[in-house]
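This report describes one helix and the sheet it packs on. Please look at the sequence and the structure first.

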Amino acid sequence: MKNIPGMEAILTDPAGAVIGLDFDGTLSPIVADPASAVIHPDAPAVLAELGGHVMAVAIVTGRPVATALELGRGLEAVPGLVVLGHYGFERWEGGRVSAPPPPAGVPRARADLPLLLDSLGLDGVTVEDKGRAVAVHTRRSPDPEAALAVLRDPLAKLAEKHGLVVEPGRMVLELRPPGMDKGHALSMFLAERDARSVLFAGDDLGDLAAFDAVRASGLPGVTVCSGSAEVTALAERADIVVDGPEGVIALLRELSSAFSR
Ligand SMILES: O=P(O)(O)OC[C@H]1O[C@H](O[C@H]2O[C@H](CO)[C@@H](O)[C@H](O)[C@H]2O)[C@H](O)[C@@H](O)[C@@H]1O
């Protein structure tokens, strides 16, 4: 680990390190039904151990905070944990949630979706109502990539009509408000805490902005890709590529053990 640029600073000064982690595909294995996702069983204990050494553990996710905590049972016990949900619009810390008022465009887009999806005649496309955003999933359709291709333009037009943006992800297109992304969320958090180093691990396109934020911070930083066959863009830009959530947990465990030595 020591040979990775940025890791040296984290290992020698853990109290100055922020560990940023995506949720789905990084801490939680990808499953067909978003409502059935659960955190890797070892993650809460590994993060609790890590949280005792570092400046902060921050989960930066597209999920609403409440969903991340529900699917991530045990996370609330991680010392000093911060959850930045909805790509950073929501924040949970010490049991308290803060968030701006919900955007008006989301319920309007959600109301238009059934008719639009009917008109496209796609099988197995499902809608996840996230409150402050709405996600259209194709993982359970017979050809998920082809369904995504059919949906791309109509959803872009729907998003524009309601003042929203499209966030592409693993077999999902999400309609959400503009003005925030994981990079912005992470940058603000690093500045707020006066971090001295940072590690960020993610698996999906939305995590690229956080990778950029690690670089832009000017801090000693490490980017980790939770690798999959579905997304290759992160692996190309990561300092470390591991094998999915299992690999992420193993890396965090190794880090924690190094701090304890
Ligand atoms: O930022 P994240 O924590 O990675 O959240 C991104 C999206 O993750 C979820 O969808 C993904 O995981 C599902 C469960 O494993 C999977 O079925 C889906 O295909 C993936 O795209 C979640 O449902 C979305 O709301 C999140 O925005």
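## A sheet and its helices

E6 and E7 pair in the antiparallel sense over four bridges; strands (E, at least two residues) and helices (H or I, at least four) are DSSP runs numbered from the N terminus, and two strands pair if DSSP finds at least two bridges between them. Across this pair, Asp129 stands opposite Val134 in E7. This is a predicted model, in which local features need pLDDT of at least 70 and side-chain atom pairs count only at pLDDT 80 or more, while totals for chains, interfaces and linings use all residues. Residues are numbered from 1 along each chain as its sequence is written.

Two helices pack on the sheet, as the table shows. Contact means that C-beta atoms, placed from the backbone, lie within 7 Å. Angles, from 0 to 180 degrees, are taken between N-to-C directions of axes fitted to C-alpha atoms, for helices over the stretch in contact.

| Helix | Strands touched | Angle of directions |
|---|---|---|
| H4 | E6, E7 and E9 | about 30° with E7 |
| H5 | E7, E8 and E9 | about 5° with E9 |

In H4, Gly105, Val106 and Ala109 are buried (20 or more other C-beta atoms within 10 Å of the residue's own, these atoms being placed from the backbone). The cover over the buried residues of H4 includes strand E7 (134-137), helix H5 (144-161) and strand E9 (172-176).

H4 bends by about 35° at Leu113, and Pro114 follows within four residues; the bend is the angle between axes fitted to the seven residues ending there and the seven starting there. Just after H4, Gly121 takes a positive phi of about 60°.

Definitions and conventions
A residue is buried if 20 or more other C-beta atoms lie within 10 Å of its own, exposed if 12 or fewer, and partly exposed in between; C-beta atoms are placed from the backbone.
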